[in-house]
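These are my notebook entries on a single protein chain. I set down what I looked up, in the order in which I looked it up.

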Amino acid sequence: MAQGNLAIHDTSHITYESLLEGNQKFIEEALQEDPQFFEKLANGQKPPVLWIGCADSRVPADRITRTNPGEIFVHRNIANVVVHTDLNLLSVLDYAVNVLKVKHVIVVGHYGCGGVQAAMGNKQFGLIDNWLRTIKDVYQKHLAELETITDEKQKFNRMVELNVIEGVNNLCKTTIVQGAWADGQELNIHGWVYALDTGKITDLKVDASDSTKMGSVYKFD
């Protein structure tokens, strides 16, 4: 299915009504390409991938990977945080792993992430500060490495990467992922970072397909 015009436009023309008009155009284009498009979608989904990404509007999972509806199951939050107390994320993960039987879970951050940048500073923003605390913990954990980076942009970029890496580690520690591995289910965890200024996805090579690299204290019998 066509992914639409890639041109970046002035968003001032986006209105409530224009969204509904856009929906109608989407229907017309989809049916023109495949008259059974919506019939096929309505029959169910079997995506092989769960994408855990940032809520940033500039990082649409399907568009930057050239995938279609039904091919990626998506969960998004501010700064793609993965924390064991987030029941929303855990519910999505449980459904993706145990019902949809996805084969890949990918934590996807992006350079220039406002949430990560806010967590690196000391300014108060309100309720969101409690959410960003998890990222501050990542900063503190890797303080020795980060203090050796004198260039602020490089430090910012590295923090984005570290936030993804810790997200991957936290996913592996969940009972959901460990349970799937214990049952012999094929499940691979990955960490990516997307660059807004180039459109390129970088694989951080922090993959996991079992619990062998995990600290023993996190493993369940």
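The entries below begin with the whole chain and then turn to single residues.

**Entry 1: the whole chain**

I noted at the outset that this is a predicted model. I then looked up the secondary structure and found nine helices and five strands. Read from the N terminus, the order of elements is α-α-β-α-β-α-β-α-α-α-α-α-β-β.

I took the extent of the C-alpha trace along its principal axes, which is about 55 × 45 × 30 Å. The protein has 221 residues, and 39% of them count as buried. I also looked at contacts between residues at least 6 apart in sequence: 64% of these join residues at least 24 apart.

For the surface, I recorded an exposed area of about 13,300 Å², of which carbon and sulfur atoms supply 53%. For the charges, I found 21 positive and 28 negative ones, and their mean positions are 4 Å apart.

**Entry 2: Asn 163 and Asn 80**

I next turned to Asn 163, which is located in helix α8, residues 152-173. Is Asn 163 buried or exposed? Its relative accessibility is 5%, so I entered Asn 163 as buried; the cut-off for that class is under 20%.

Which residues does Asn 163 touch, beyond those up to four places away in sequence? I listed Ala 79, Asn 80, Val 116, Ile 135 and Val 138.

One of these, Asn 80, I followed further. Asn 80 sits in the loop that runs between β2 (72-77) and α4 (87-98). With a relative accessible area of 2%, Asn 80 is buried. Its contacts, neighbours within four places left aside, include Ile 52, Gly 53 and Cys 54. They also include Val 107, Val 108, Gly 109 and His 110. Asn 163 and Val 164 are likewise in contact with Asn 80.

**Entry 3: a nonpolar surface patch**

I stayed with the loop between β2 and α4, where Ile 78 is also found. Ile 78 has a relative accessibility of 37% and therefore counts as partly exposed. I found that Ile 78 forms a nonpolar surface patch with Phe 125 and Ile 128. Together, the three residues have about 240 Å² of accessible area.

**Entry 4: salt bridges**

How many salt bridges does the count give? I recorded seven.

I looked up the pair Asp 137 and Arg 133, whose side chains meet in a salt bridge at 3.2 Å, N to O. Both residues belong to helix α6 (residues 128-141), where they are four residues apart, or about one turn of the helix. Asp 137 is partly exposed, its relative accessible area being 40%.

I then examined Arg 158, which forms a salt bridge with Glu 145; their closest N and O atoms are 2.6 Å apart. Arg 158 lies in helix α8 and Glu 145 in helix α7 (residues 143-146), so this pair ties together parts that are 13 residues apart in sequence. I entered both partners as partly exposed: Arg 158 at 23% relative accessibility, and Glu 145 at 30%.

Arg 158 also forms a salt bridge with Glu 161, with 3.0 Å between the closest N and O atoms. Arg 158 and Glu 161 are three residues apart in helix α8, so about one helical turn separates them. Glu 161 has 16% relative accessibility and counts as buried. I noted that salt bridges with shared partners join Glu 145, Arg 158 and Glu 161 into one network.

**Entry 5: Ala 119**

Where is Ala 119 placed? I found it in helix α5, which covers residues 114-119. Ala 119 is buried, at 6% relative accessibility.

Beyond residues up to four places away in sequence, I listed Leu 132, Ile 135 and Lys 136 as the residues that Ala 119 touches. Ile 135 had already appeared in my list for Asn 163.

Finally, I looked up the separation of Ala 119 and Glu 17. The two residues are 102 residues apart in sequence, and their C-alpha atoms are 36 Å apart in space.

Key. Residues are numbered from 1 along each chain as its sequence is written. This is a predicted model: local features need pLDDT of at least 70, side-chain atom pairs count only at pLDDT 80 or more; totals for chains, interfaces and linings use all residues. Side-chain values use heavy atoms; hydrogens and water are left out. Helices (H or I, at least four residues) and strands (E, at least two) are DSSP runs, numbered from the N terminus. Buried means under 20% relative accessible area, exposed over 50%, partly exposed in between (1.4 Å probe, protein chains only). Contact means heavy atoms within 4.5 Å. Accessible areas come from the Shrake-Rupley method with a 1.4 Å probe; for residues, only the protein chains shown count as cover. Lys and Arg count as positive and Asp and Glu as negative; His and the chain ends are not counted. The place of a charge is taken as NZ of Lys, CZ of Arg, CG of Asp or CD of Glu. Patches are made of residues with over 30% relative accessible area and no salt bridge: like charges are joined within 9 Å, nonpolar side chains (Val, Leu, Ile, Met, Phe, Trp, Tyr) within 5 Å. A salt bridge is a side-chain nitrogen of Lys or Arg within 4 Å of a carboxyl oxygen of Asp or Glu.
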